[in-house]
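The exercises below work through one structure, each with a task and a stepwise solution. Keep the coordinates open while reading.

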Protein chains: 2
Amino acid sequence: MPKPRPTKPARKPANRYHHGDLPHAMLQEAVRTIQKDGVDALTLRCVGERLGVSRTALYRHFADKQALLAAVAAEGFRTLRISLLAAWETGGRGRAGFDAMGVAYVQFAVAHPSHYRVMFGGAVRPGNRHQDPNDPGPSAFQVLVDAIVEQQRAGLIRDDAALQLARFIWAVVHGIAMLALDGILSAAEAGTLAKFANERMRTGLAP
Amino acid sequence: MPKPRPTKPARKPANRYHHGDLPHAMLQEAVRTIQKDGVDALTLRCVGERLGVSRTALYRHFADKQALLAAVAAEGFRTLRISLLAAWETGGRGRAGFDAMGVAYVQFAVAHPSHYRVMFGGAVRPGNRHQDPNDPGPSAFQVLVDAIVEQQRAGLIRDDAALQLARFIWAVVHGIAMLALDGILSAAEAGTLAKFANERMRTGLAP
DNA sequence: ACCTGAACACCGTTCAAGT
DNA sequence: ACCTGAACACCGTTCAAGT
């Protein structure tokens, strides 16, 4: 049985292939999917479909799915960096600003749990990450280091190596965020713990 | 073309179906695979094959793959609990023992990175976890709480709520472990950071 | 009660081919 | 340069059927 020939050749949308920036559109779509349904729901087929493009089109712009996930992670670190910086600045670059940074960090994780998990879930293989000075991961971390150095100069924090102090503090906020993400702490409990941690750290890290 | 009938009916190994405890064997095999090749390498087909059993046999004993992963996580918490307890006891249940617990925690994570990730990767959905008093997760956490209470009685730690203190300390060691797992810290750097954290926490949490 | 085997609806990835 | 479409080698899961 001959299937009826469509009157029009069922042409795709007018665009040659796709609008301007397919790689960026794919990244956006991936972030959206992860945020909405979790990382397991992210399939290249879905991304392609949602963008009106073949499911193999992605390979023109990313090496593979891993590479897409790495881009998602990088995007997360970029957003996180901006949030931290904003908290630090609007908080007055002092003690209050630093506390606000901690809260902002935990809030980012709680607000974007799946995205946060991609950033730290081992999806991004180490690789040459350390080489690239524009890598948003270290770049976000640097915001923390800078804030510590500034407080050291203001006599608010003891004069240990800033890198070591930054790692310590990062471990605390990351740990709190993880407890919240695993449902061991509610968002409210995480907030309380963050405040408690802030107090105790002030004592432990005083000059 | 008739395919040649085998002289013997190609019978399986003598056992009726399998040796004694198939669920436990599956769990062991899953842990081994994850430890060796990562969680992505874990497939139900491989587990079945390795155990000389159909790839759907697992469904007799676990609801699905998620349930197997949950069992892997639980097994990890059981092992972790024993390690922590051992460090605490052999360290003399005091200040030294508590420091040893921290080191043991980080070492567990570094020695079993993939397994550790399953324990905290969100693979185990919250569910009714909180109800079960034998859940090895809370049980491992309890070791930490107990150690803190004992030190409070000995006048080594300030008299804040033990639960809050435990969460704080847990966040620190977990954060350090994560930094190590992500390759941001080497195992050696993680050790150094753990020591630094210990010192600062002693100050911050002193009575 | 416990396991099998075929089937189903999915995956990520490759590659020749189109424009 | 950019994308398609068919094909490949995998998945987790279901279900009737076997012992």
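**Exercise 1. A charged pair across the chains**

With which residue does A:Arg167 form a salt bridge, and how far apart are the closest N and O atoms?

Solution. The model is a predicted one.
Step 1. The partner of A:Arg167 is B:Glu189, and the closest N and O atoms are 3.8 Å apart.
Step 2. The cut-off for a salt bridge is 4 Å between a side-chain nitrogen of Lys or Arg and a carboxyl oxygen of Asp or Glu, so a separation of 3.8 Å qualifies.
Step 3. Between chain A and chain B the count of salt bridges is two.
Step 4. Residue pairs in polar contact between chain A and chain B, both at pLDDT 80 or more, also number two.

**Exercise 2. The side of chain A that touches chain B**

Determine which elements of chain A supply the contact with chain B, and what kinds of residue are found there.

Solution.
Step 1. Helix 5 (113-120), helix 7 (162-181) and helix 8 (187-204) of chain A are the elements that each give two or more residues to this side.
Step 2. The most comes from helix 7 of chain A, with twelve residues.
Step 3. Sorted by type, the residues on this side of chain A are 15 nonpolar, ten polar and eight charged.
Step 4. Counted over both chains, 33 residues of chain A are in contact with 34 residues of chain B.
Step 5. The area buried between chain A and chain B is about 3,000 Å², with 64% of it on carbon and sulfur atoms.

**Exercise 3. The relation between the copies**

Identify the symmetry operation that relates chain A to chain B.

Solution.
Step 1. Chain A is superposed on chain B by a rotation of 180° with 0.0 Å of shift along the axis, at an RMSD of 0.0 Å.
Step 2. A relation of this kind is that of a two-fold axis.
Step 3. Both copies use the same surface, since 100% of the contact residues of chain A recur in chain B.
Step 4. A:Gly204 is the residue of chain A that comes closest to the rotation axis, its C-alpha lying at 1.8 Å.

**Exercise 4. Two glutamines of helix 6**

Are A:Gln151 and A:Gln152 buried or exposed, and what does each touch?

Solution.
Step 1. A:Gln152 lies in helix 6 (residues 136-153) of chain A, and A:Gln151 is in helix 6 as well.
Step 2. The relative accessibility of A:Gln151 is 1%, so this residue counts as buried.
Step 3. For A:Gln152 the value is 14%, which is under the 20% limit and therefore also buried.
Step 4. Leaving out residues up to four places away in sequence, A:Gln151 has contacts that include A:Trp88, A:Phe98 and A:Arg202.
Step 5. With the same exclusion, the contacts of A:Gln152 include A:Ile157, A:Asp160 and A:Leu165.
Step 6. A polar atom of the A:Gln152 side chain lies 2.9 Å from the backbone oxygen of A:Arg158.

**Exercise 5. An arginine of helix 8**

Describe the surroundings of B:Arg202.

Solution.
Step 1. B:Arg202 belongs to helix 8 (residues 187-204) of chain B.
Step 2. At 16% relative accessibility, B:Arg202 counts as buried.
Step 3. Outside the four places on either side in sequence, B:Arg202 touches B:Arg95, B:Phe98, B:Asp99, B:Gln151, B:Leu156 and B:Ile157.
Step 4. The backbone oxygen of B:Arg95 is 3.4 Å from a polar atom of the B:Arg202 side chain.
Step 5. B:Asp99 is 103 residues from B:Arg202 along the chain, while their C-alpha atoms are separated by 9.9 Å.

Notes. Residues numbered from 1 in each chain as written. Chains lettered and ligands numbered in written order. Predicted model: local features only at pLDDT ≥ 70, side-chain atom pairs only at ≥ 80, totals over all residues. Heavy atoms only, no water. Contact = heavy atoms within 4.5 Å. Buried area = accessible area lost by both parts, 1.4 Å probe. Polar contact = N/O pair within 3.5 Å; in protein donor to acceptor, adjacent residues only side chain to side chain. Helix = DSSP H or I, 4+ residues; strand = E, 2+ residues; numbered from the N terminus. Nonpolar A, V, L, I, M, F, W, Y, C, P; charged D, E, K, R; others polar. Least-squares fit on C-alpha atoms with pLDDT ≥ 70 in both. Buried < 20%, exposed > 50% of the residue type's maximum accessible area, 1.4 Å probe, protein only.
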